[in-house]
Amino acid sequence: MSIIRTAQIEDALAIAHVHVDTWRTTYGGIIPDEHLANLSYERCQASWIEHLSQPEVERVFVVEQPGGPITAFASGGPIKEALGEWDGELYVLYVLKAFQGMGYGKQLVTRVAQDLASRDFRSMVIWVMKDNPARRFYEKLGGRLIGEAGITIGGKDLLKVAYVWSEIAVFR
Ligand SMILES: CC(C)(COP(=O)(O)OP(=O)(O)OC[C@H]1O[C@@H](n2cnc3c(N)ncnc32)[C@H](O)[C@@H]1OP(=O)(O)O)[C@@H](O)C(=O)NCCC(=O)NCCS
């Protein structure tokens with residue numbers, strides 16, 4: 001049976017593999033192909049080592065299959081860019097394509113929300129690319145659309161949208 005656990009620094013490379021691979025299967029046709037092709041496991045690992053070095057700010061959780069492989073991860077912490085009265089943020093959530101639709105995404109959102117609640121955050125925001133069908137997943141979990149902003153990735157101007165759960169206590 002799979003488990004969800006807090007990530008350690010040693011997980012950085014495995015997280016990077018899930019991150020890069022899921023970007024490639026998710027953002028084709030949204031983010032320029034060249035940018036996706038140029039993603040690097042090593043650079044992504046280095047970035048995750050930094051993120052994992054600040055657990056007082058960002059908490060990272062992974063889904064681990066029997067025998068060890070990490071197949072999904074998520075992280076959360078204080079909201080990065082002020083938005084209304086909202087205080088917490090789900091920073092990232094990625095499930096490898098072969099493991100999508102099995103409940104891991106929902107379990108990870110719940111875990112991040114519970115962690116935020118344990119740190120006295122009241123609400124949780126997630127930013128998602130406007131063209132990403134994963135928006136419907138957040139709507140299904142009760143997220144409310146509250147904003148839209150521009151973002152440039154790989155030289156292309158894109159739109160992202162924000163959803164909020166104003167009371168994360170709903171994830172108890
Ligand atoms: C979006 C994502 C995180 C959802 O995780 P998941 O493990 O596939 O989803 P779950 O199995 O937990 O689904 C939970 C519920 O949401 C629904 N759902 C999942 N993805 C959905 C989608 N794209 N559209 C509509 N509903 C969706 C499921 O049917 C399920 O409903 P149920 O509770 O009635 O059975 C995952 O598919 C993923 O990583 N996608 C690619 C990367 C990505 O877009 N990440 C988000 C970046 S902001």
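**View A. Helix H4 has the span expected from its residue count.** At 1.5 Å a residue, the 15 residues of helix H4, which runs from residue 104 to residue 118, should span 21 Å, and the C-alpha atoms at its two ends do lie 21 Å apart in this predicted model, so the two values agree. The buried residues of H4 are Tyr104, Gly105, Leu108, Val109, Arg111, Val112, Ala113, Asp115 and Leu116. After H4 comes Asp120, a residue whose phi is positive, near 70°.

**View B. Helix H3 turns its buried residues to one face.** Helix H3, made up of the twelve residues 41-52, reaches 16 Å from its first C-alpha to its last, which is close to the 16 Å expected at 1.5 Å a residue. Its buried residues are Trp48, His51 and Leu52. Seen down the axis of H3, these buried residues fall within an arc of 85°, and they therefore line one face of the helix. Glu42, Arg43 and Glu50, on the other side of H3, are exposed.

**View C. The buried residues of H3 pack against one helix and two strands.** The partners of these buried residues are helix H1, covering residues 12-27, together with strand S2 (59-64) and strand S3 (70-78).

**View D. Helices H1 and H3 cross obliquely.** Two packed helices are described by the angle between their axes and by the distance between those axes. For H1 and H3, the axes come within 8 Å and cross at roughly 120°. Because angles from 65 to 115 degrees count as roughly perpendicular and only those over 145 as roughly antiparallel, this crossing makes H1 oblique to H3. The crossing of the two helices is right-handed. On the H1 side the contact is made by Ala12, Leu13, Ile15, Ala16, His17, His19 and Val20, while H3 contributes Tyr41, Cys44, Gln45, Trp48, Ile49 and Leu52. Of these H3 residues, Trp48 and Leu52 also belong to the buried set of the helix.

**View E. Tyr91 is a buried residue of strand S4.** Tyr91 has its place in strand S4, which covers residues 88-95. With 20 C-beta neighbours inside 10 Å, Tyr91 counts as buried, because the cut-off for a buried residue is 20 or more. Leaving aside residues up to four places away in sequence, Tyr91 touches Glu58, Ser75, Gly76 and Gly77. The C-alpha atoms of Tyr91 and Lys80 are separated by 8.7 Å, and these two residues are eleven residues apart along the chain.

Methods
Residues numbered from 1 in each chain as written. Predicted model: local features only at pLDDT ≥ 70, side-chain atom pairs only at ≥ 80, totals over all residues. Helix = DSSP H or I, 4+ residues; strand = E, 2+ residues; numbered from the N terminus. Expected span 1.5 Å × (residues − 1). Buried ≥ 20, exposed ≤ 12 C-beta atoms within 10 Å, placed from the backbone. Arc of directions from axis to C-beta. Contact = placed C-beta atoms within 7 Å. Axes fitted to C-alpha atoms, helices over the stretch in contact; angles between N-to-C directions. Parallel < 35°, antiparallel > 145°, perpendicular 65-115°, else oblique. Left-handed = near helix turned anticlockwise from the far one by under 90°.
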